[in-house]
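Dear colleague,

I am passing on the structure below, and my notes on one helix and on the nonpolar cores follow it.

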Amino acid sequence: MVGVMTSSFHDWLSTFVGNPHNPSFMPGIFTPFGTRMTFWERLLNTYISAAVTSQINYYMSQQVSYVKKYFNMDTSIEDLYQDLAAILVNSHHSINGVKPFTQGIIEVGGLHVKNDADPLTPEVQKWLDESTHGCIFFTFGSMMRIESFPKPVLQTFYKVFEKLAPVRVLMKVAKKEELLPGLPKNVMIQPWFSQVSVFKHKNVKAFITHGGLMGTMEAIYYAIPMVGIPLFGDQKTNIANGVSKNIAVTLNSIENVTEETLSAAINAVLYDKTYRTSINKISQLFKDRPMTAIDTAVYWVEYVARNGYVLQSPAIHLTWYQQYLLDVYAFVLVCLTIVLYIAIRLIKAVKNYFTRSSSNKVKRPSESKKRK
């Protein structure tokens, strides 16, 4: 059995699969921190990771009844995780930072990026070819429809895009009939784009994104700096990773979108050479591997098919408190407490002994005088 994660590794699964997790430098998937955290960030990261883990474990434990009902297996969710021979994770150290992984957890970030993506339609190809001053790609993925945004937000986008001319914009709009009227002439809308093919075009200079992991990885692969407007989930974390590496500018949320903030962010990634230099470097790191992501995934899937569970961490046979050595620390603490207690009792006994001896020596001379 091979597991697949479409995001970076879920910190709440660390105990189940025997992978070390240290919140002092490993940000949780729902925290917007980098790998170098302040004390308060480490404190908050630890709390959020623990809270999310506890909540998810609670809801996962309720799935046992469904496993019994639909799969006729009388087992726990924790036991099911022990059937995983390997896990393919959609992350890479160039983006997500350096983290300790057991051999059974294999990073294949960018697995979905294909150079032979669907070609652009003739209309889009012509638009991009003629975008000699540059073009910005704008999409919030398949889950969020831009045309559904409030009227003031759309008007802000229109005003900023119009001022950008002769720079052009490609904007994904699923239902153009629902879009606010007044679209600037330098903006093309389509219900769907071959995203990789758009990123590959030489005239695409920036990417306005909600911070979805697939889109950000594609932008990094093809060295397109980003303007991030995260909405939910891991998007804020993905954009925060980009900001920390100088490959993205974030507006933090849709509520912060104004003409001034959006214009400043777009102009920064378009004309500040820092972002172009940084994205080229990160892109190179992202692609510098002994094998492509797909070849890596194929190799390790075939490896466990041949060899079984040899990549499993032995920590899966330990409870959570054993993995974190809490039982060992508790034993050492008890032993130290006992030794300290005995030492204190001995010191008191010795002190009392010498105190009584001194008192006796003082009393003896006075008693001899009385006899005289």
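Which residues does Ile266 touch, not counting residues up to four places away in sequence? Taking contact as heavy atoms within 4.5 Å, Ile266 touches Ile136, Val160, Phe161, Leu164, Ile208 and Val227.

Please bear in mind that this is a predicted model, in which local features need pLDDT of at least 70 and side-chain atom pairs count only at pLDDT 80 or more, while totals for chains, interfaces and linings use all residues. Residues are numbered from 1 along each chain as its sequence is written, and side-chain values use heavy atoms, with hydrogens and water left out.

The largest nonpolar core (buried Ala, Val, Leu, Ile, Met, Phe, Trp, Tyr and Cys residues joined through side-chain atoms within 4.5 Å; buried means under 20% relative accessible area and exposed over 50%, with a 1.4 Å probe and protein chains only) has 34 residues, of which Ile136, Phe138, Phe157, Phe161, Met171 and Ile266 touch the most other members. Helices and strands here are DSSP runs (H or I, at least four residues; E, at least two), numbered from the N terminus, and H7 gives this core its largest share, 7 residues. A second, separate core of 29 residues includes Leu170, Phe193, Ile279 and Ile282.

Turning to helix H13 (residues 293-307), its buried residues are Ala293, Thr296, Ala297 and Val304. Seen down the axis of H13, these fall within an arc of 100 degrees (taken from the directions from the helix axis to the C-beta atoms), so they line one face of the helix. The face turned away from that buried side carries the exposed residues Ala305 and Arg306, and H13 is followed by Gly308, whose phi is positive, near 75 degrees.

Best wishes
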